[in-house]
Amino acid sequence: MAGNVLRSMVIIRNHTPEPCLCPGPRSPQTSLLYLPRSVFQLCRDSEELAVRRPALSSASFSRGMQTVTLIPGDGIGPEISTAVMKIFEAANAPIRWEERNVTAIKGPGGRWMIPPDAKESMDRSKIGLKGPLKTPIAAGHPSMNLLLRKTFDLYANVRPCVSIEGYQTPYTDVNLVTIRENTEGEYSGIEHVIVDGVVQSIKLITEEASRRIAEYAFEYARNNQRASVTAVHKANIMRMSDGLFLRKCREVAETYKDIKFTEMYLDTVCLNMVQDPTQFDVLVMPNLYGDILSDLCAGLIGGLGVTPSGNIGANGVAIFESVHGTAPDIAGMDLANPTALLLSAVMMLRHMGLHDHGNKIQTACFDTIREKKVLTKDLGGNSKCSEFTAEICRRVQDLD
Amino acid sequence: MCEMSILQPPPAKYGGRHTVTLIPGDGIGPELLNHVREVFRFSCVPVDFEVVHVNSAVETEDDISNAITAIRRNGVALKGNIETKHTMPPSVKSRNSVLRTSLDLYANVMHCQSLPGVQTRHKNIDIMIIRENTEGEYSSLEHESVSGVVESLKIITRNNSLRIADYAFRLAREKGRRRVTAVHKANIMKLADGLFLQCCREVASGYPDITFDSMIVDNTTMQLVSKPQQFDVMVMPNLYGNVVSNVCAGLVGGPGLVPGANYGRDYAVFETATRNTGKSIANKNIANPTAVLLASCMMLDHLKLYDYASLIRNAVLTTMNETRLHTADIGGQGTTSEVVQSVMRIIQIKIFN
């Protein structure tokens, strides 16, 4: 047996919850393992597989601490990040936080980029949690969100919208997910002044990006036990561009026969969404429609203060974020509501396969909101952020 | 309902009777427009319809050209939605779009009001939506620059933006409205929507009695589903108009309730606000005729036949709010013919009193 063993160095990255066939402990650092060549081959294959496929299976596989890059952000960002860290600690979640700042700096060659230590941390951990970032006006550099998107090729924006029991809105039983293509479409930023008084703005739809987002949507639906995927478009007017998007969705749907695929016009979706949101499941769409619809759906469940969001990138990177603003008027006063960032963090736990911890924290959060005894001001109460956080921590510990 | 002093409807020729082009369209269009003709006949409205069919299944543009010529001749039209089949090559444009751009029907106006007889989640909504109807994302200018990459152009011009903003403010003043909100996405589309917003501001400065503000489209939709009562008059480019008008129609009870009008300098075309073909409910006698009937009342107002317009409108609203005879789309069990019969009964009672 000893003669068959080959000394191989296997680098195990800790982003994948896919059950790897490699024996031995998982650790965030490089591990030197002595393995037979055949097992080494299997490991490499499954690793490639994990990198290629969006890692969203429900297989709970995680031994030891996982590193997550935390970007607190500006305004109320730091206090809600602290709240989330406290709650995670109370839940004994196996997460090790690495705090980083992403304020843009000018790199070599004069191009704006995020600080190299932030990039290095994210490349290593593959998972990020981000608070709200200030939009720079006349700072000379583009918005940080745009930079992050470009740096990590965050092509899919995922927002699950679920009605929060206890936070009453006119819409109950909302349970849908909007998946928005995040790199092209109407937000390409390509505009020209043709002649004085005539402006053209270019909407770009490519085969590659449409196929990628469609595949992600179906993969997400399959991994999260969703029954149907609806493509939202306006192909009656934008025949070629939305037509291309629709064609790609149809092609991908062919390979996912277990998921029902439907197509619906954007205006019909809007019309039906405000009358009966329960008829929708997973929605996939290009950039602009996604922007409008995802905010519409956030409005249905109570606004940006309670909506989680995740951005999936190429190479297995995923950054989860709260989508509300920095709220500079209440920053530092312990009045902020950490729900949005907390729910995004729960989304992150599920992405990493830590479903038990995710469910525990979510239940504690929803129970707190439902009880209505300790609520922040925007939720209708008058407690402080720290009190709200403490209440959730208490419930999390009780759930153990 | 909407009568702009700048538009002069055609004088009634032929013995005091008006001729109006009628385009049945597809889906529920034909049956509902037949009901309109029935109600008009019953009420002795002095309007004759010139029916022009547009076949959406053929690739040639002859049908829609005939329809456009008929509308140029008569000046006013009532239409159902014409279906756009995706199986056709992209060179075959949406017929509805061709009609709007050829006749330069630059303003699409929709008035969303909560109806007391209809159960909705939000109450006391009263929003006027003015949507630019000819350019923007609906320019149908697309090309495949390299294989697998398609570019679609969104055009915003100063002239059209000024024109629609001016229309919005004049309508607001005429109707006694206090506030106009421009909906845009100028933080991302800085040049295009930036130009639109700038034009709105320029026009607003000439109307100091009306408050002007602006809102980004995603925030607008979020506000519409939580607090729609804050909006008064809204003006916006084409695509956002599509989204916002459908959201508002959904808020007040659905596509079967809200009429819409498309106004140009010389022509006016009336239809339902959300422009649905309703293929799945066609010919089943379950479609809601309210939107089409109210659209025909808007048309009668445009032709200055105010008495007939009020007569029919009151009958429709009485059926909706008092008799509570509702079709399936608003939670009732009535059929289309039952609703139409009720309307005609109320008209009969009114005429003979």
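A salt bridge is a side-chain nitrogen of Lys or Arg lying within 4 Å of a carboxyl oxygen of Asp or Glu. With that in hand, the boundary between the two chains of this predicted model is a good place to start. One salt bridge is counted between chain A and chain B. Its partners are Asp291(A) and Lys185(B), whose closest N and O atoms are 2.7 Å apart; this pair qualifies because the cut-off is 4 Å. Polar contacts add to the picture, with 23 residue pairs counted between chain A and chain B, both residues at pLDDT 80 or more.

On the chain A side, the elements that each give two or more residues to the contact are strand 10 (185–195), strand 11 (198–206), helix 6 (241–254), helix 7 (266–275) and helix 8 (287–301). By character, the residues on this side divide into 28 nonpolar, 11 polar and 10 charged. Altogether, chain A brings 49 residues to the contact and chain B brings 55. The area buried between the chains is about 4400 Å², and carbon and sulfur atoms give 64% of that area.

Attention now turns to a pair of helices inside chain B. The axes of helix 2 (residues 62–74) and helix 3 (residues 95–102) of chain B come within 10 Å and cross at roughly 35°, and the crossing is right-handed. Which residues of helix 2 of chain B meet helix 3 of chain B? Helix 2 offers Ile64(B), Ile68(B), Ile71(B) and Arg72(B), while helix 3 answers with Arg95(B), Val98(B), Leu99(B) and Ser102(B). The residues of this helix contact comprise five nonpolar, one polar and two charged.

Note on methods
Residues numbered from 1 in each chain as written. Chains lettered and ligands numbered in written order. Predicted model: local features only at pLDDT ≥ 70, side-chain atom pairs only at ≥ 80, totals over all residues. Heavy atoms only, no water. Axes fitted to C-alpha atoms, helices over the stretch in contact; angles between N-to-C directions. Helix = DSSP H or I, 4+ residues; strand = E, 2+ residues; numbered from the N terminus. Left-handed = near helix turned anticlockwise from the far one by under 90°. Contact = heavy atoms within 4.5 Å. Nonpolar A, V, L, I, M, F, W, Y, C, P; charged D, E, K, R; others polar. Buried area = accessible area lost by both parts, 1.4 Å probe. Polar contact = N/O pair within 3.5 Å; in protein donor to acceptor, adjacent residues only side chain to side chain.
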